[in-house]
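Me: Could you take one part of this model and go through it closely with me? I'd like the cut-offs spelled out along the way.

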Amino acid sequence: MGFVFETDNFQGCSTAADLLTQKQQEDNESDYERGKENESSQDINLNVSEEKRYFAQERTISIDVTTSDINECSHRHTVSNLNMKNVTTPIRVKGGGDRGRIAKGWQRTRNGHCPTSNDDAHTINTASTTTAFTSCTDPKAMPLSSPTTDSNLILALKNTKIKFYFKYQLQGGDDTSSPDTQPDEDNFIKLIEPIKMPTFNGSRLARVVTTDSTINRSMDKDSCSQSMEQNYFMPLLIGQERLEMKMESLYNNQMKIQKRFKQKTSMISQFVKLGEQMPGSNEWDYDAENLLTIEDVQHDEDDKGDAVIQEAAEVLFSIAHATDLQGKIFSYFPKDDLFTKLIISRRNLGIFQHHDAITGTAREHVVNDYGEKLLAVIVLSQIIMQQSAAYLLFQDRYSIKSQFLVSNQEFQTFESLAIRKFVSFHKHHMIYIYNPTDQRRLEIIKILLHKYQVHVTSDNQTITDCQIDPKWSHRRSNIINENQFELLIQIDIEPYSLKEYTIHADATKKSCPLSKIQYVDEKQIQTNLSTPFKIELIDAKTFEIDNRVFSIIFSKNGAILNVQHKKFDEKLHFHADLISYGTLRESDHHSGAYLFIPDGEARFIPMSDCDFIRIQQGPLVSRVVINHKLYGLQYKLTNTIGSNDNLIHISTITHLDMNKDTELALRLSTGIKNEREFFTDLNGFQMIRRKTYDKLPLQGNVYPMPTMAYIEDDYMRLNILAGQPSGTACLKTGKNSTGYIFVFEVIDSSFAKVTFSSRQAFLQIKVNEHCVVDVFLDRRLTRDDGRGLGQGILDNREVISTFKILFESRHKIADRTAQTGYPTLLAHHLSIELLYPLHIFNLLASKIFFNELKLFPKPLPFPSDYHLVNLRTLSSNNYNTVQHRPSKDIALILRRFAYNCDENYDKLFHFEQPIFEYFFQVNQIEAIEQTSLSLRYRKQKLNSTAKLDVPFAEIVTYKLRLTE
């Protein structure tokens, strides 16, 4: 790498390059003649002025010049922006007497090894090798201390390497000082390790590679060299110092921001006594007798981290920002700070559009970097939601210094799964539920408590639909934690709203019922345990869980024997198994990060190797938990009198850490006769028909399944709704085939002799082959597949996969010719619920002003086939790389489902097209435009009473300008 010069005179720069080339040749000849015996260094006085003297210190600088650049004789050459990282900071030290000296620890890389220079006692050098980026702008033409984005007058010198050796050190006299050399005791910069600087995107940047070592060689003191040093290199070095000081200032600002960020993301102290006054909240009256404890506790298999959390934060922030623009709330809303966090989240998520981020085909350190960025998105989004929701709920009582809401879920590291908060209180505890979706939600949430004798209210109305479950020590454990319980609450919440629920620690009223625990093996029962739960042993050969829609019968080894659909009054041939694939042992033909080359058909993992099988049954939730050494499997049925009762919930937890090539998959078998065809979605937007071909190998029939897949015949459809992207295949298709059985009559079987009668014959029968759908869960491969990654897949972590199985009856014959498919409206809504979970916030204040807060003026702003993709606040384009400001423009992005009709479900919803007044009041809207999806092109202007007409299976974007 070399310098990038900027000069108004190309001839001068060319002359400099020629002189440096000549100097390099002379130095090389001298080194050869002397045999590198003279390694001493000499100081050269640079007589710049009578008042200030510069002592040159040996440094190696390589300038790359191309012949094409010289021949062009152009004064205007540009180079792409370079990122500024790991810049060594200048170090001020206090010199002896009344003189001050600035010493720099330059770092460079030269032939892989450079000794450290200790030329002067006052020189302090940093230790490690790093890369510096230097601005080479002429100080007379432009101030070096200010960043710029102009890219003119930049000359890139490449290819021909020219080395110029010089030694520099700035020293001022007794009566001479300058802003760059004056030591400042009040602003003393201590010796620090090389720091990782933030990214600096400027165009006037040059890259210099330096190290602490110096190469001690003598230089000829000719006037041309001194002129070059004075006119070009000394201003360059001064500019380098100023730029480094500027970058250090930016770095310090960033460290302050990160420190403040960590303070916000850290939990409130483990014991928050509400009787004590919280910072900035002296106007609140807290209940001095109520003690609240919030701890971190791991969740179990049916809880999963938020899949789409940023969209929920975008909507809440946009509504809070629009409310702030009205000026009706006098509290200060930190919109700039929160919007900066929102911008960081958007940029981090934008990185995941890279194909390696989507497929995971990246080296381990790159995958870790992806994980760190995704963790930052989750943490920042939680902060944005907490502050925006508190501003909307508490309004004039809101203060940035106070902590009103705390998310009930947290990710400690990118490698770990989410943890839920353990709440301990004396009298009562309030929570807020946030619904970030378009439809009313009737679901079950989970809260960890320290006691089980509780009841729940909302808006002073008792909630009877609740349940108490035990808290297991970890996700795949069979040990009950004492004094820890899981409270399940059935909540009913409107779209885009916040609703309050209060948990009362009062045994005088009817407490929530406890679930019942059952085992199939007496050895699996935990003994010597003091627990309020009833624990039983199942003596029968089978056991059952059911709700108002399904009845599922299991064998004692955990296999599904029968699924009865009560609505259809039909026995469904459905069961689930875990299977595994291996890979070929050939050295040049095996599975890896890019390739799936199995060594044959899948092998079933026997259920007999299970550690335990546990059944939990209660009024709200019934579940069967199967723990195997390779996986954890859970079946769950809910009883909510809602749409979730139509589902069989299946979740798996895997952590492949063995030294063996293994690909794990979930196999679902049904009696549906799909005739080799099935449907998968394209990025959760449309469905496309897939077909299984015998002419292709097994891996050629595997397709991506981002959110859902389904198979169907003329009578039944099986929907697989996924909470995470995965691969799927339909390798064994359901069909009716003809078979023959040899029929005979046994006359005499004594002495093991069998005599056939004359009535022996062949009987023709019809055999129904089950359809098999494989959904891939996780893979661990020890070898590289030779496709460029250079490693196997060995960075496996604990993974939770969740699925919803939906059976739907068909009212018309399936179309076998269409290339696209259409889920029902019920399937769309259930998929959205799986991808957009409810958010739970613990309330730290004892007073509330809203039992329920609706974000939009109209209670039900969206018809059942509309989905709000995003409500996105746009930036004001102030080009500030540190702090961003939101503008008055908001992007309203809507999607309309394409779906199959189901009269029984569709009649429950309205299909009235929305207008803009449903989202914002008339006096809030200044202008409306329909734009392209990217907001770059304007299509038409609209008014606030215009209808939002979105075609089926399309996405439309509107740009709204709000009044201030």
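Reply: Here is a walk around strand S48 and its partners, followed by some salt bridges and a helix. A quick note on the ground rules: this is a predicted model, where local features need pLDDT of at least 70 and side-chain atom pairs count only at pLDDT 80 or more, while totals for chains, interfaces and linings use all residues. Residues are numbered from 1 along each chain as its sequence is written, and side-chain values use heavy atoms, with hydrogens and water left out.

Strand S48 covers residues 839-843; strands (E, at least two residues) and helices (H or I, at least four) are DSSP runs numbered from the N terminus. Five of the five residues in S48 are buried, where buried means under 20% relative accessible area, exposed over 50% and partly exposed in between, with a 1.4 Å probe and protein chains only. In a regular strand the side chains alternate between the two faces of the sheet. Here His839, Phe841 and Leu843 point one way, Ile840 and Asn842 the other, and all are buried.

Now for the neighbours, counting two strands as paired if DSSP finds at least two bridges between them. S14 (residues 405-407) runs antiparallel to S48, joined by three bridges, and Val406 has Asn842 as its bridge partner. S17 (residues 428-435) also pairs with S48 in the antiparallel sense, over four bridges, with Ile433 opposite Ile840.

Side chains make links too. A salt bridge here is a side-chain nitrogen of Lys or Arg within 4 Å of a carboxyl oxygen of Asp or Glu, and that rule gives 30 of them. One of these joins Arg623 and Asp469 at 3.6 Å, N to O. Arg623 sits in strand S33 (residues 621-627) and Asp469 in strand S21 (residues 466-472), so the pair ties together parts 154 residues apart in sequence. Arg623 is buried at 4% relative accessible area, and Asp469 is buried at 1%.

Asp546 and Lys566 form another salt bridge, 3.6 Å from N to O. Asp546 is partly exposed at 35%, and Lys566 is partly exposed at 39%. Lys854 and Glu852 also meet in a salt bridge, at 3.9 Å.

Last stop, helix H5 (residues 335-351): its 17 residues reach 24 Å from first C-alpha to last, close to the 24 Å expected at 1.5 Å a residue, where the expected span is 1.5 Å times one less than the number of residues. H5 is mostly covered as well, with 12 of its 17 residues buried, including Leu338, Phe339, Leu342 and Ile343.
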